[in-house]
Amino acid sequence: MSVNLTHFKLSEFDCKCGCGRNNMDEKFLLMLDRARAMAGVPFVIESGSRCPKRNAEVGSKSKNHIEGKASDIRVSDGQARGKILKGLYLAGFKRIGLIGKVLNVDGAWKAVPTGIHVDSMPEVESFFLEF
């Protein structure tokens, strides 16, 4: 694939199992690149393309990463999260999900979103924020 991205290297979206799979959808990547420009903060890609084996390993039952139409973005703090969400929305994404991990904050257990999932597969039902 040959797609001209300003803010990403195509290799950032390679399957994390090491198999080399990268079948990212060009339209999705261009939208994500536009979102990154609008957000004004770096997007650290935690997961992009996945092979079926890796998709099963992470417990996913959806096919959006397998089809190259999804990415998970690592979030460093609340300010960056807000800018990334705004950029994704302004770029036209309609399915955005917060990925949370349970962290101990001030002695109390709280669910804190530490990542953002975005995809371009509106026909898939899920828990995502939909605009």
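**Entry 1: helix H3**

For these notes I call a residue buried when its relative accessible area is under 20%. I am working from a predicted model, so I keep that in mind throughout.

I started with helix H3 and asked which of its residues are buried. I found Ala80, Arg81, Ile84, Gly87 and Leu88 on that list. Looking down the axis of H3, I saw these buried residues fall within an arc of 135°, so they line one face of the helix. On the other side of H3 I noted Gln79 and Lys86 as exposed.

Next I checked the length of H3, residues 78–90. Its 13 residues, at 1.5 Å a residue, should span 18 Å, and I got 18 Å between the end C-alpha atoms, so the two agree.

Then I looked at what sits at either end. At the N-terminal end I have Asp77 as the cap of H3, with a side-chain oxygen 3.1 Å from the backbone nitrogen of Gln79. After H3 comes Gly92, and I noted its phi as positive, near 105°.

**Entry 2: Met38, a neighbour of H3**

I turned to Met38, which I located in helix H1, residues 26–39. Is Met38 buried or exposed? I put Met38 down as partly exposed, because its relative accessibility is 42%.

Leaving aside neighbours within four places in sequence, I listed Gly87, Leu90 and Ala91 as the contacts of Met38. Of these I had already noted Gly87 as buried in H3. I also looked up the spacing of Met38 and Ala91: they are 53 residues apart in sequence, yet 7.5 Å apart in space, C-alpha to C-alpha.

**Entry 3: the strands and Asp72**

I moved on to strand E2, residues 70–74. Four of its five residues are buried, so I describe E2 as largely enclosed by the rest of the structure. I found E2 paired with strand E1, residues 44–47, in the antiparallel sense over three bridges. For one named pair, I wrote down Ile45 with its bridge partner Ile73 in E2.

I picked Asp72 in E2 for a closer look. I have Asp72 as buried, because its relative accessible area is 10%. Which side chain does Asp72 join in a polar contact of 3.5 Å? I found that the partner is His65. Beyond four places in sequence, I noted further contacts of Asp72, among them Val44, Ile45, Glu46 and Ser47. Arg50, Ile99, Ile116 and His117 are also in contact with Asp72.

**Entry 4: Asn55**

His65 came up again when I looked up Asn55, which I placed in helix H2, residues 52–57. With a relative accessible area of 3%, Asn55 counts as buried. Leaving aside neighbours within four places in sequence, I have Asn55 in contact with Arg50, Ser60, Ser62, His65 and Ile66.

**Entry 5: cysteines**

How many disulfides does the model hold? I counted zero. To see why, I took the cysteines in turn, with a cut-off of 2.5 Å between sulfur atoms.

For Cys15, I found the closest cysteine sulfur in Cys17, at 3.6 Å, which is too far for a bond. For Cys51, the closest cysteine sulfur is also in Cys17, at 3.7 Å, again too far for a bond.

I checked burial here too. Cys15 is buried, with a relative accessible area of 5%, and Cys51 is buried as well, at 10%.

How values were computed:
Residues numbered from 1 in each chain as written. Predicted model: local features only at pLDDT ≥ 70, side-chain atom pairs only at ≥ 80, totals over all residues. Heavy atoms only, no water. Helix = DSSP H or I, 4+ residues; strand = E, 2+ residues; numbered from the N terminus. Buried < 20%, exposed > 50% of the residue type's maximum accessible area, 1.4 Å probe, protein only. Contact = heavy atoms within 4.5 Å. Expected span 1.5 Å × (residues − 1). Arc of directions from axis to C-beta. Polar contact = N/O pair within 3.5 Å; in protein donor to acceptor, adjacent residues only side chain to side chain. Pairing = 2+ DSSP bridges.
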